[in-house]
Amino acid sequence: MKLAEQQEYTQAFERRVKETQWKNGMITQGMPGHTKEASSFPEVHAGRETAAYYAAGIMSGRLGAEEGALMLEQLGRLQETNPDSPEYGGFRWYREETAIHDTNAAFFIMSPLAIVALLFPEQVPNAHRLALLGMMEGARDWFARECRDPILYYPNKIISDGALLLALAKLTEHEGRFEEGEAFFDQWLEYTHRRGWGWGENMSLVYLVIIVNSLQLAAYCLKERRPALARELCSEIRKLLELVRFHEGEEFVPAIRSYNFLGEVVSSSVIWKLAGYETDDKLMTGLSDLWMLPGVALYRGYTDAALGMPAPERQPVPRVRRERVMDDAHAYTWVGARSRLGSLTRFPVLAGCYQWPTWGLGWQSFPVSFSVAGEQVGYLRWSVTENGAVRTHPAESQPKAYLSPALFGEAHYPDVETRCAQAENALLAVRSMTGLNNRVQEIADEWIVQRFRYKAEWIEARGLDGVSRRWAAMLYPGVTVALAALQGIAFGGTDPALAAGELEMVRDDGDTIRIRRLLYRGEDHTVVHPRLESAWAVVIREHAPSEPLDRGELVAWLERIDVRDDAKADGETPRAPHQLIRRISLGGDGIPPVRLELDPYIS
C-alpha cells in the first residue's frame, strides 16, 4: 500500500473514532433500527457499521487486536450458526433482533471483512483469523443458496451475493462454491445483456455504489481463473461509471431508488471518486461510508488499472443521454447550461414492483424531475389523503415511509403507472391509476419544488394550436420552467370520461411550492373508479442568467408553443371513455418536437 493511501485511510478512520458510540463491542446507533422489530428500540447495536469500522481499522493499522477480537465475537453472534436452519450463514442486522428481517445484512457485514482479508491479509492479526473463518464458511453457504435461484431483478443484492460467494469460496478454498459463483455471473450477464437492470438500480446513485463495489470484488476474484469473465464485469463497471460521469456530480434526473426527498442538486457519494472526480469532501464523510473504504482500496489496487479510463473531461452542454433500464424502458436526461430535465419512458420499469404493504419502489423513485443548478430538484409525486393522513410517492422522508411504503393504507392497490416521452428540454408525461377501489378523501398529482425563492405565477397563453392554456411558470434567474396540465380523468361520479380536474398552486411554509392536479377531493370513503389520469407538458428555457423573463416575453414565448392533445377511439377495439387512445404532441419556439401515444389497453 502506498504511504499516501495509508495516511488517507488512517485519517478517514480517525475522524470517525471521535464520533463513534460503543457498547459491548458493537457500534450503537442513537436511534431506532430500520426493520420492524428494531424500530421499537430507542437505539440499536448495528452489524453493518461495526463490520465497516473493523475493516477500516485493520486497513489503517489503528485497530487494537483485543478490540478487533471483541468486535468479531459480537458480529459472529449475529450469524445463524445452526446448519439445519434454512437461514444458516445469514446475519441479523442488529443485536436487538431475534430473527433475520433484512437479508441484505449478510453482504453488508461480510463485504468489508472479505475485501480486507483478500487485500490486506498481513494486517489481520492471527488471533482474528479463526473467528473470520467461521463466519466466512457459514456465509459462503448462505450466498450459495441465494445465488442458486437468484432474484435477478434486484441488482445490488444479487450482484453482492454473487461477489461474496466468489470471495468467500476463494478465501476458504472451496472449489465447488467458486464454480457456483462463476456460473451465477454467467447467468447474470446473460440476463442483464438481454433484458437490462431489473427494477432499475442503474439509475440510483445510492445503489450504484454497492453494485460497482460488488462487481469490483467479483472481477478481482475471477481475474486469474476466468479472465474473460472478469473483463466483462469490468466492462459493466466502465459503462456504469460513464453514466455517472454524464451527470457530472449532480443528482440523477430521473432517479430510481433514491432517497433525495429534499431535492438536493448535489448528492455526496463515493461513486464520484470512483468515476474520477475529486470532490471537496473528505474521502469518508460519515460512518456508513466506512463500509466503502475497502471498495475504494480495491478500486485503487485493481479496478482502476483494469478499466483504463481516462480522467474525466468537462462535457459539452446541452447534451442528452438515453439509458436503457429494463426491456424497452429507458431513462432520458437533458443537461443544459443551468438546468436539467429527465424522465423514464415507463415507470415502474418492471411489473409487480411499484407497491406492496412492506416494500416497493414507488415511495423511493423519481420518474419525472428537473433540476436548476444551485437551487433544487423539482419532481412529480402522487399525494393521497386518507383519514387525515397524507401519503406521497415519492415519500416525504425515509423514516416516515420505510415500514409502510404503499400509497394507500389498504393492502389492495390500483395499478399506478407513469409514461413519458421527451426530446431535450421538452417533456410529456401521462400518469394513471387504474382499478381504484380504495378509501380516500383526496388524490392529487403534484409537482413539488422545495426551497423555491423566486416568483411563480399562472400564465394564460393561446398557443399555436389555438387553445388557451394555463401554464404554471417558475421564474428563476436565467431559467424558466413552465408546466401545463393537459387533459386528464378526474373522479366524476358515474361518468369516467375525460375531465380536467381542478388545478391549484400552493405555497407551504413560504419556500415550498406545489402545483397540483386534483383527481379526487371529497368525503373520506371508498372511491371506485376504473381509471384516473393526469397529464403534463413541461418546457424549460434558458436565457440571460441575471434576471427572470419579464411577463410579456414569457407570454409571447408560450404563445409560440404548440400542444396537441387528443383522445380518440381507433374503431378496432371497443373502448369506454376512459380507455381512449391518447395522442399528445409538443413543439414550437425553441422546443424540439416530441410525441406520446398511450393506449390504456397496452401497459
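In this predicted model, T98 counts as exposed, because its relative accessibility of 68% is over the 50% cut-off. T98 is found in the loop between α3 (65–77) and α4 (105–119). Leaving aside residues up to four places away in sequence, T98 touches E37 and R92. With E37 there is also a polar contact, made between the two side chains at 2.8 Å. As for its place in the wider fold, T98 is separated from F246 by 148 residues in sequence and by 44 Å in space, C-alpha to C-alpha.

We turn next to the helices. Two packed helices are described by the angle between their axes and the distance between the axes. Helix α7 (residues 175–194) packs with helix α9 (residues 227–247) at an angle of about 40°, and their axes are 11 Å apart. That angle makes α7 oblique to α9, and the crossing of α7 past α9 is left-handed. On the α7 side, the contact is built from E182, F185, D186, W188, L189 and H193, and these meet L229, E232, L233 and E236 of α9. By class, the residues of the contact of α7 with α9 comprise 5 nonpolar, 1 polar and 4 charged.

Helix α7 has another partner in helix α8 (residues 205–222), with an angle of about 125° and axes 12 Å apart. Here too the description is oblique, because an angle of about 125° lies outside the ranges set for roughly parallel, roughly antiparallel and roughly perpendicular pairs. The crossing of α7 and α8 is left-handed. F178, E182, F185 and W188 of α7 make this contact with L215, A218, C221 and L222 of α8. The contact of α7 with α8 has 7 nonpolar residues, 1 charged residue and no polar ones. Helpfully for anyone tracing these contacts in the structure, E182, F185 and W188 of α7 appear both in the contact with α9 and in the contact with α8.

Among the strands, β11 (residues 415–423) holds Q422. Q422 counts as buried because its relative accessible area, 11%, is under the 20% cut-off. Not counting residues up to four places away in sequence, Q422 touches Y332, W334, L341, G342, S343, L427 and V594. One of these, S343, makes a side-chain to side-chain polar contact with Q422 at 2.7 Å. A polar atom of the Q422 side chain also lies 3.0 Å from the backbone oxygen of E424.

E424 itself is worth a look for its backbone. Most residues other than glycine have a negative phi, and most peptide bonds are trans. The phi of E424, however, is positive, near 50°. E424 is found in the loop between β11 and β12 (426–449) and is partly exposed, with a relative accessible area of 39%. D327, which is not a glycine either, has a positive phi of about 50°. The loop between β4 and β5 (329–335) contains D327, and a relative accessible area of 27% makes D327 partly exposed.

Cis peptide bonds also occur in the model. The bond from V253 to P254 is cis, with omega near 0°, and P254 is found in the loop between α9 and α10 (270–274). The bond from V317 to P318 is likewise cis, with omega near -5°. P318 is placed in the loop between α11 (293–307) and β4 (319–326).

Technical notes. Residues are numbered from 1 along each chain as its sequence is written. This is a predicted model: local features need pLDDT of at least 70, side-chain atom pairs count only at pLDDT 80 or more; totals for chains, interfaces and linings use all residues. Side-chain values use heavy atoms; hydrogens and water are left out. Helices (H or I, at least four residues) and strands (E, at least two) are DSSP runs, numbered from the N terminus. Buried means under 20% relative accessible area, exposed over 50%, partly exposed in between (1.4 Å probe, protein chains only). Contact means heavy atoms within 4.5 Å. A polar contact is a pair of N or O atoms within 3.5 Å; within protein, one must be able to donate a hydrogen and the other to accept it, and residues adjacent in sequence count only if both atoms are side-chain atoms. Axes are lines fitted to C-alpha atoms, for helices over the stretch in contact, and angles run from 0 to 180 degrees between N-to-C directions. Angles under 35 degrees count as roughly parallel, over 145 as roughly antiparallel, 65 to 115 as roughly perpendicular and the rest as oblique. A crossing is left-handed if the near helix is turned anticlockwise from the far one by less than a right angle, and right-handed if clockwise. Ala, Val, Leu, Ile, Met, Phe, Trp, Tyr, Cys and Pro count as nonpolar, Asp, Glu, Lys and Arg as charged, and the others, Gly among them, as polar.
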